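Here is a short report on strand pairing in a single model. Please read it with the structure open.

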Amino acid sequence: QVQLVESGGGLVQAGGSLRLSCAASARTATFIELVVGWFRQAPGKEREFVARIGWDYGITAYSDSVKDRFSISRDRDTKTIYLQMNSLKPEDSAVYYCAAARAPAGRAVTPAEYYYWGRGTQVTVSS
C-alpha cells in the first residue's frame with residue numbers, strides 16, 4: 001500500500017514558479033520498487049504525463065511540454081517527491097496529481113501504468 005498527499009498548488013502569474021510536494025508513505029522495502037510520477041489534468045482534457053522519477057536510482061523523464069522548465073526530485077529521508085515548476089504558462093493550469101507505480105514494466109509515462117494516486121492539487125497560472 002502506498003499513500004500519496006500533494007501540496008503546494010496555488011495561483012501564480014505567467015513566468016512565475018511553484019514547487020509542488022508529494023508526501024509518500026509505504027513500507028520501507030516498497031520504496032526501492034517505486035516510480036513516482038506527476039500528471040496533470042485540465043478541465044475537459046485527458047490526464048497527461050508531466051514527469052517521473054525512479055526512487056532507487058533517481059532516473060527521470062519529462063514530457064516535451066515541460067522539459068527545460070520543470071524539474072522532478074525526491075528526498076529519500078523525508079520520502080517526499082518535488083516538482084519544481086519554472087517559467088509557468090497559462091496552459092500549465094491544471095490539477096496536478098502525484099502517482100506511484102511498483103516496478104512498472106514500461107516507461108511509466110501513462111496513467112494506466114500507475115496504481116496509487118493522490119487527490120491532486122490545483123495550479124492556476126494567470127496571463
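## Strands and their partners

Strand E1 and strand E3 (residues 18-25) run antiparallel and are joined by five bridges. This is a predicted model. Across this pair, Gln3 stands opposite Ser25 of E3.

E1 and E3 belong to an open sheet of four strands. Its order is E1-E3-E8-E7, and the pairing is antiparallel. Which strands stand at the edges? They are E1 (3-7) and E7 (70-75). Each has a single partner strand, so one side of each is left without a neighbour in the sheet. From one strand to the next, the twist averages 15 degrees.

**Thr80 in strand E8**

Thr80 lies in E8, which covers residues 80-85. Is this residue buried or exposed? Thr80 has a relative accessible area of 11%. Buried means under 20%, so Thr80 counts as buried. The side chain of Thr80 makes a polar contact of 3.2 Å with that of Thr78. Leaving aside residues up to four places away in sequence, Thr80 touches Ser21, Cys22 and Ala23. On the same terms, Thr80 also touches Trp55, Ser73, Arg74 and Asp75.

**Strand E5 and its two hairpins**

Strand E5 spans residues 48-54. How many of its seven residues are buried? Six are, so E5 is largely enclosed by the rest of the structure.

E5 pairs with E4 (residues 34-41) and the two run antiparallel. E5 also runs antiparallel to E6 (residues 60-62). Both pairings form hairpins, set out below.

| Hairpin | Residues between the strands | Turn glycine | Phi of the glycine |
|---|---|---|---|
| E4 and E5 | six residues | Gly44 | positive, about 80 degrees |
| E5 and E6 | five residues | Gly58 | positive, about 70 degrees |

The bridge counts are as follows. Six bridges hold E4 to E5. Three bridges link E5 to E6.

Which residue of E5 is the bridge partner of Gly37? It is Arg52. Arg52 in turn has Ala61 as its bridge partner in E6. Arg52 is thus a bridge partner of Gly37 and of Ala61.

**In brief**

The open sheet has the order E1-E3-E8-E7, with E1 and E7 at its edges. Within E8, Thr80 is buried. Strand E5 forms one hairpin with E4 and another with E6.

Notes:
Residues numbered from 1 in each chain as written. Heavy atoms only, no water. Buried < 20%, exposed > 50% of the residue type's maximum accessible area, 1.4 Å probe, protein only. Pairing = 2+ DSSP bridges. Axes fitted to C-alpha atoms, helices over the stretch in contact; angles between N-to-C directions. Polar contact = N/O pair within 3.5 Å; in protein donor to acceptor, adjacent residues only side chain to side chain. Contact = heavy atoms within 4.5 Å.
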